[in-house]
Amino acid sequence: MARGDQWVAAKGSRRSYSGRNSTMLARRLLVVVLVLILILGLGSIIQLVRGVPSPSYAASLAASSKIPGTPPSVAWPAHAEAAAEILGVGLLGQHGDLHETEIASVTKMTTALLTLKAHPISLGESGPSLTMTPQDYQIYVNDKNANDSVGAIREGEVLSEEQLLELLLIPSADNIASVLAKWDAGSVSRFVAEMNSYAQSLGLHHTHYGDPSGVTPSTLSIPRDQLKIEALFMSNPVLANIAAMPQATLPVAGTVYNVNYALGHDNIVGAKTGSILTGSFAMATQIKVGQSNLYGLGTILDVGGVEPLINALHDGEAMAKSLQTIPRELTVLHKGQVVGYLDVPGANPDPVVATESVTEIGWPGLTESFTPTIDKSVYGLPAGAKVGTATLTVGEQLKIVPLKVANAVVHPSIVWRLTHF
């Protein structure tokens, strides 16, 4: 009996141990399942509450391109250096063996600009009056005896700033350049220093002024540099008005005539001539394109021949005529045109379109650029809502265009947010 009792007790003991193992295993599995559920739950909560990525933007227009077509042809001079542009639109190009050369009285554009910079007047104003001194009169006598271009004055004569600018620019009076230089800077040398500082500030690194009238051989430049000066000159209403005057009447000088004999030909309205041993012409012609009135500018330097100034003027007329046909209105962006796509998480790409058409002035070969800026917060926008802007440039022209989404920008779905880590 004792043996039997021991065997039954041992057998029962083994059964109790096995049951306990099963219970413990079940409990462990339950803990693992609960932990997994907790992890999945916490992960789902994190996925749902964390921020979703913003839609990315992919442009469908090139950031920079050129207007297609055959580039225009400018009537460049056969034997001279030149550069041309449509003011406010863009550079048309430059031509010739570009080297620093004497620019003669084209210099006076800078003299006039610095005068108005120090003593600004508006169109229709006469400005301050100056009384001609004995020194001013002696400069006139000396320049006249040297066969320079002069404007007659006398000691004690009173001339307004406007009248002095007329004498400077219309008959191209060298002596008046000295009068204005002394008035502005106190001396001609200090004024010349101002001229060179001004040129450097504009980035005209191939320009050096030796005097305010351009008579010295040390006054040198290239067409592209003087084209920048001419653009500033013709952008000033006072100077543009004087440059277009065929004549003016002064107290002592009487009626003086514009040295620019090309005025009125091919809509030429300025800007300044120059001639010593060679001819120079800063030419400005008016061009009407649609509702816009533009200036076509050309600078021609180092024209030779028996009559260099006349040759330069003829070259300027040919250039002016060719510029008349170049600029035209071009639609560079159409209303509703797709400019890119928003890649919205969990949805098809959403087209971004222009809200308006853009028509600018240009020509084939002119550079245009398109720079979009998309708003940071776009989720929840309804279809047709503004989503950003684009900066569109055509040459030097700039336009800001609003952009809109074609479809509503919807937040990613719960399924997408739970399945994308």
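## Close-ups of a predicted model

**View 1. Helix α4, tucked away inside the fold.** In α4, the buried residues are E161, L164, L165, E166, L167, L168 and L169. Everything shown here and in the other views comes from a predicted model. The helix spans residues 161-169, and with seven of its nine residues buried, α4 is largely enclosed by the rest of the structure.

**View 2. T111 and its surroundings.** T111 sits in helix α2, which runs over residues 108-118. Is T111 buried or exposed? Its relative accessibility is 0%, so T111 counts as buried. Once neighbours within four places in sequence are set aside, the contacts of T111 are L168, A177, F191, M195 and P212. One of these, L168, is also among the buried residues of α4 from View 1.

**View 3. Two nonpolar cores.** As a general backdrop, nonpolar side chains in soluble globular proteins tend to be buried together. Here the largest nonpolar core takes in 55 residues, and F233 and M234 have the most contacts inside it. Which helix gives the most to this core? That's α5 (residues 174-185), with six residues. Zooming in on F233, and skipping its neighbours within four places in sequence, we find M109, A112, L113, L169, L239, A240, A243 and A271 in contact with it. Another core, of 30 residues, lies apart from the largest one and includes A82, M283, A312 and V394.

**View 4. The five-strand sheet and two helices packed on it.** This open sheet has its five strands in the order β4-β3-β13-β12-β11, paired antiparallel. At the edges are β4 (90-95) and β11 (268-275), each pairing on one side only. From one strand to the next, the twist averages 10°. Strand β3 (residues 81-86) pairs with β4 in the antiparallel sense over five bridges, and A82 stands opposite H95 in β4. Helix α7 (residues 223-235) packs on the sheet, where it touches β3, β4, β11, β12 (279-289) and β13 (292-303). The direction of α7 makes about 145° with that of β13. Helix α9 (residues 308-323) packs on the sheet too, touching β3, β4, β11, β12 and β13. The direction of α9 makes about 20° with that of β12.

**View 5. The seven-strand sheet.** Strands of a sheet pair through backbone hydrogen bonds, either parallel or antiparallel. In this open sheet the pairing is antiparallel, and the seven strands follow the order β1-β15-β16-β20-β19-β18-β2. Which strands sit at the edges? They are β1 (56-59) and β2 (64-66), and each pairs on one side only. The twist averages 30° from one strand to the next. At the β1 end, the partner is β15 (residues 338-343), joined to β1 in the antiparallel sense over four bridges. Within that pair, A59 stands opposite G340 in β15.

**View 6. T359 on strand β17.** T359 belongs to strand β17, residues 358-362. With a relative accessibility of 43%, T359 counts as partly exposed. Leaving out residues up to four places away in sequence, T359 touches E329, L330 and T331. What does the side chain of T359 make with the side chain of T331? It's a polar contact, at 3.2 Å. V332 is 27 residues away from T359 in sequence, yet their C-alpha atoms are 5.9 Å apart in space.

Technical notes. Residues numbered from 1 in each chain as written. Predicted model: local features only at pLDDT ≥ 70, side-chain atom pairs only at ≥ 80, totals over all residues. Heavy atoms only, no water. Pairing = 2+ DSSP bridges. Axes fitted to C-alpha atoms, helices over the stretch in contact; angles between N-to-C directions. Buried < 20%, exposed > 50% of the residue type's maximum accessible area, 1.4 Å probe, protein only. Contact = heavy atoms within 4.5 Å. Core = buried A, V, L, I, M, F, W, Y, C linked by side-chain atoms within 4.5 Å. Polar contact = N/O pair within 3.5 Å; in protein donor to acceptor, adjacent residues only side chain to side chain.
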